[in-house]
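This briefing walks through side-chain contacts between charged groups and between aromatic rings, with notes on how far the residues involved are open to solvent. Please keep the structure in view while reading.

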Amino acid sequence: MLWFQGNSLQIAKSSFGLLRNLSASNTLLPVLTLFTKDPCPLCDEAKEVLKPYKHRFILQEVDITLPENSTWYERYKFDIPVFHLNGQFLMMHRVNTSKLEKQLLKLEQQVLETN
């Protein structure tokens with residue numbers, strides 16, 4: 001589970017299971033969760049498409065084949081890659097850059113308004 005406490009992002013292990021590749025120095029960035037498995041050529045392609053945006057979010061990868069992620073496996077086994085932004089479903093199968101851009105701008109505007 002992810003939540004904000006003050007100005008910092010707090011992380012607790014929950015149904016997300018093993019988290020891979022949490023990388024960003026700014027904890028105010030939104031979290032883009034990629035539900036994936038290995039191998040996943042479409043996921044690899046999606047990560048390439050995301051590279052120009054990588055400074056605008058923290059990428060969290062959830063391997064749906066791990067036993068602790070069985071709920072996600074049942075939900076997304078035929079649909080990966082699947083993306084959630086800050087815990088909310090965003091898109092699946094391919095990266096929709098216009099949808100991603102729109103949601104990132106919305107979140108960035110919210111951060112500016114609160115500061």
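Seven salt bridges are present in this structure, which is a predicted model. A search of the whole structure also returns three aromatic pairs. The points below take up some of these contacts by topic, together with the accessibility of the residues that make them.

**Salt bridges involving helix H1**

- Lys47 and Asp44 join their side chains in a salt bridge with an N to O distance of 4.0 Å, and both residues belong to helix H1, which covers residues 41–50, where they are three residues apart, or about one turn of the helix.
- Both partners of this bridge are partly exposed, since the relative accessible area of Lys47 is 26% and that of Asp44 is 45%, and values between 20% and 50% fall in that class.
- The contact between Lys47 and Asp44 belongs to a network of salt bridges that links Asp44, Lys47 and Glu61.
- A salt bridge is also formed by the side chains of Arg94 and Glu45, with 3.1 Å from N to O, and this pair links distant parts of the chain, because Arg94 sits in the loop between strand E7 (88–92) and helix H3 (97–114) while Glu45 sits in helix H1, 49 residues apart.
- Arg94 is partly exposed at a relative accessible area of 48%, and Glu45 is likewise partly exposed, with 43% relative accessibility.

**The salt bridge between Glu74 and Lys77**

- Glu74 and Lys77 form a salt bridge in which the closest N and O atoms are 3.3 Å apart.
- The two partners fall into separate accessibility classes: Glu74 counts as exposed because its 52% relative accessibility is over the 50% cut-off, whereas Lys77, with a relative accessible area of 26%, is partly exposed.

**Aromatic contacts around Tyr76**

- Phe35, Trp72 and Tyr76 make up one aromatic cluster.
- Within this cluster, the ring centres of Phe35 and Tyr76 are 5.3 Å apart and the ring planes stand at 50 degrees, so this pair is classed as tilted.
- Phe35 belongs to strand E4 (residues 31–36) and Tyr76 to helix H2 (residues 70–76), so their pairing ties together parts of the chain that are 41 residues apart in sequence.
- Phe35 counts as buried, with 0% relative accessibility, and Tyr76 is buried as well, with a relative accessible area of 6%.
- The rings of Trp72 and Tyr76 have centres 5.8 Å apart, and because their planes lie at 5 degrees the pair is stacked.
- Trp72 and Tyr76 are both in helix H2, with a spacing of four residues, which is about one turn of the helix.
- Trp72 is also buried, its relative accessible area being 11%, a value under the 20% limit for that class.

**A charge over an aromatic ring**

- The ring of Tyr76 has a charged neighbour too, as the charged end of Arg75 sits over this ring at 6.0 Å from its centre.
- Tyr76 thus appears in the aromatic cluster with Phe35 and Trp72 and also in the contact with the charged end of Arg75.

Technical notes
Residues are numbered from 1 along each chain as its sequence is written. This is a predicted model: local features need pLDDT of at least 70, side-chain atom pairs count only at pLDDT 80 or more; totals for chains, interfaces and linings use all residues. Side-chain values use heavy atoms; hydrogens and water are left out. Helices (H or I, at least four residues) and strands (E, at least two) are DSSP runs, numbered from the N terminus. Buried means under 20% relative accessible area, exposed over 50%, partly exposed in between (1.4 Å probe, protein chains only). Rings of Phe, Tyr and Trp (its six-membered ring) pair if their centres lie within 6.5 Å; planes under 30 degrees apart count as stacked, over 60 as edge-to-face and the rest as tilted. A charge sits over a ring if NZ of Lys or CZ of Arg is within 6 Å of the ring centre and within 35 degrees of the ring normal.
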